[in-house]
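Trainee: I should like to take a close look at one part of this structure. Could you guide me through a strand and its surroundings, and then show how the other parts of the chain are arranged?

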Amino acid sequence: TWLLKTHWTLDKYGIQADARLLFTPQHKLLRLQLPNMKHMRVKVNFSDRVFKAVSDICKTFNIRHPEELSLLRKPRDPKKKKKKLEEAEEEALELEGPLLTPGSGTSQITITMCLWTVNKSSDNVNALVSLSLESHFPLMLSNFYLHLRPKKLTLKGYKQYWCTFKDITISCYKSREEAHGTPAHQMNLRGCEVTPDVNISGQKFNIKLLIPVADGMNEIWLRCDAEKQYAQWMAACRLASKGKTMADSSYNLEVQNILSFLKMQHMNPDPQIIEPITIDINPECLVSPRYLKKYKNKQISARILEAHQNVAQMSLIEAKMRFIQAWQSLPEFGITHFLAKFQGGKKDELIGITYNRLIRMDASTGDAIKTWRFSNMKQWNVNWEIKMVTVEFADEPSLAFICAEVDCKVVHEFIGGYIFLSTRAKDQNESLDEEMFYKLTSGWV
């Protein structure tokens with residue numbers, strides 16, 4: 001506790017005779033590593049809280065969205081010699097400014113600014129093209145497969161329907177001629193989970209939809225014939241899951257991003273044009289262990305070289321942006337998983353938290369069982385004694401669970417933090433509501 005009100009007596013602070021007082025300056029020299037990996041040596045005020053500290057740091061360095069960043073103190077390596085640490089300190093650039101950061105310590109502390117959250121909704125993407133596009137989307141989806149998960153009902157094979165996408169609803173008809181009548185199936189995609197199931201070499205372009213219903217999720221599979229058709233439907237489904245139609249300005253950009261991502265996965269048709277490289281490729285650094293067990297190192301190295309040809313001609317910035325797009329297109333991008341036991345459940349399950357929803361998941365398979373959108377949330381509470389999180393919704397039963405491996409305050413901070421991000425105004429000049437941030441993320445005893 002910093003005793004900042006100098007006109008107060010120690011008694012007014014509640015300081016007793018057994019308290020330990022440390023006289024130390026508020027402003028100290030700090031070595032800060034920025035998101036671009038550059039190091040700056042700055043004078044900071046150690047008596048401020050994290051939120052304001054990061055906000056002021058970002059203002060100084062002209063970094064936007066400070067609410068998405070935080071401070072991380074790297075653990076000290078006991079094997080690292082003090083001399084080497086001092087040599088590294090000399091490489092830092094000097095900067096004098098009104099930088100603020102929390103905590104206490106000496107000038108040798110190294111703080112890293114890290115991502116507090118990496119999730120981006122399509123709302124934050126600047127649309128390249130503004131459409132006046134008709135929301136009625138009468139494309140022929142050649143195949144349609146229905147699997148009703150709660151009832152364990154499986155229909156073998158794919159059934160062909162003429163499908164139209166209007167607003168956020170897919171209507172399926174037995175033929176094009178019946179499209180003006182009553183649809184055989186109709187699905188509202190608001191709040192659904194959209195997962196790609198694509199294999200470029202096998203020409204498989206599937207879309208998996210988990211649509212919320214009263215007692216769980218309906219599992220729907222859509223199969224497209226070609227990349228363009230898949231990109232159009234995938235983009236439409238993603239927007240519909242957020243309650244947006246294809247008339248939204250981000251639709252066309254979403255389609256182009258999907259097509260670009262698919263293009264990067266194409267095999268090089270002529271492996272002879274691949275230029276040999278002089279350095280050795282270590283597949284362990286580039287692919288997951290399950291592929292290392294499945295293929296030989298030479299096979300993986302050859303595939304890496306082929307994939308490299310798709311990005312070899314790009315500039316560094318363009319390659320980084322493509323990497324981010326590919327990362328964001330992964331099925332489980334942005335989901336943080338916690339092991340939890342739900343009220344009424346007998347076994348441990350997973351609770352997944354993203355920027356706009358909570359997901360109840362099967363711990364063994366990772367399949368989504370039920371999804372709840374933050375937009376439908378009335379309030380959430382934490383029983384700090386039994387460590388139980390309870391979430392109440394507008395038109396659904398409440399959700400209650402206990403975290404198995406982490407303190408419930410971590411989940412509480414995730415929910416509150418994401419809700420705070422969703423309340424931000426589009427006006428970038430608006431100052432952040434610090435009190436609202438602490439109100440949403442604090443509260444534990």
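**Strand S12 and its surroundings**

Mentor: Let us begin with one pair of residues: Val194 stands opposite Leu209, which belongs to S12. Please keep in mind throughout that this is a predicted model. The pair is part of a longer contact, in which strand S11 (residues 193-199) and S12 run antiparallel and are joined by seven bridges. In general, the strands of a sheet pair through backbone hydrogen bonds, and the pairing may be parallel or antiparallel. S11 and S12 form a hairpin with four residues between the strands, and in this hairpin Gln203 takes a positive phi near 50°.

Consider next how well S12 is covered. Seven of its 10 residues are buried, so S12 is largely enclosed by the rest of the structure. Buried here means a relative accessible area under 20%.

Leu209 also leads us to the interior. The largest nonpolar core has 32 residues, and Leu209 is among those with the most contacts inside it, together with Phe165, Ile170, Leu189 and Ile207. Strand S12 (204-213) is one of the elements that give two or more residues to this core; the others are strand S8 (162-166), strand S9 (169-173), strand S13 (216-224), helix H4 (227-241) and helix H5 (251-264). The largest share comes from H4, with nine residues. As a general tendency, nonpolar side chains in soluble globular proteins are buried together.

Two of the contributors to this core, S8 and S9, also take part in a sheet. That sheet is open and has three strands in the order S8-S9-S10, with antiparallel pairing. S8 and strand S10 (185-188) are its edge strands, each pairing on one side only. Neighbouring strands in this sheet are turned by 15° against each other on average, direction ignored. Between S9 and S10 there are four bridges in the antiparallel sense, and Ser171 stands opposite Gln186 in S10.

A second open sheet may be set beside this one. Seven strands form it, in the order S17-S16-S15-S14-S20-S19-S18, and the pairing is antiparallel. Strand S17 (368-373) and strand S18 (377-383) stand at the edges with a single partner strand each, so one side of each has no neighbour in the sheet. From one strand to the next, the twist averages 30°.

Within this sheet, S20 deserves attention. Four of its five residues are buried, and S20 is therefore mostly covered. On one hand, strand S14 (residues 336-342) runs antiparallel to S20 and is joined to it by three bridges; here the bridge partner of Ala340 is Cys403. On the other, four bridges join strand S19 (residues 388-393) to strand S20 (residues 399-403), again in the antiparallel sense. Met388 stands opposite Ile402, and Val389 has Phe401 as its bridge partner. S19 and S20 form a hairpin with five residues between them.

Let us now turn to charged side chains. Side chains of opposite charge can pair when their charged atoms come close. The whole structure holds eight salt bridges. One of them joins Glu349 and Arg360, at 2.7 Å from N to O. This pair links strand S15 (residues 349-353), where Glu349 lies, with strand S16 (residues 357-361), where Arg360 lies, and the two residues are 11 residues apart. Glu349 counts as buried because its relative accessibility is 8%, whereas Arg360 is partly exposed at 22%.

Another salt bridge joins Lys387 and Asp407, at 3.9 Å from N to O. Lys387 is in the loop between S18 and S19, while Asp407 is in the loop between S20 and helix H9 (408-422). Both count as partly exposed, Lys387 with a relative accessible area of 33% and Asp407 with 34%.

A further salt bridge is formed by Glu435 and Arg49, at 4.0 Å from N to O. Glu435 lies in helix H10 (residues 434-441) and Arg49 in the loop between strand S2 (39-45) and helix H2 (50-61), so the pair ties together parts that are 386 residues apart in sequence. Glu435 counts as exposed, at 54% relative accessibility, and Arg49 as partly exposed, at 42%.

Finally, consider the surface. Ile317, Met321, Phe323, Ile324, Trp327 and Leu330 make a nonpolar surface patch of about 600 Å². Of these residues, Ile324 is placed in helix H8 (residues 316-328); its relative accessibility of 31% makes it partly exposed.

How values were computed:
Residues are numbered from 1 along each chain as its sequence is written. This is a predicted model: local features need pLDDT of at least 70, side-chain atom pairs count only at pLDDT 80 or more; totals for chains, interfaces and linings use all residues. Side-chain values use heavy atoms; hydrogens and water are left out. Two strands pair if DSSP finds at least two bridges between them. Axes are lines fitted to C-alpha atoms, for helices over the stretch in contact, and angles run from 0 to 180 degrees between N-to-C directions. Patches are made of residues with over 30% relative accessible area and no salt bridge: like charges are joined within 9 Å, nonpolar side chains (Val, Leu, Ile, Met, Phe, Trp, Tyr) within 5 Å. Accessible areas come from the Shrake-Rupley method with a 1.4 Å probe; for residues, only the protein chains shown count as cover. A salt bridge is a side-chain nitrogen of Lys or Arg within 4 Å of a carboxyl oxygen of Asp or Glu. Buried means under 20% relative accessible area, exposed over 50%, partly exposed in between (1.4 Å probe, protein chains only). A nonpolar core is a set of buried Ala, Val, Leu, Ile, Met, Phe, Trp, Tyr and Cys residues joined through side-chain atoms within 4.5 Å.
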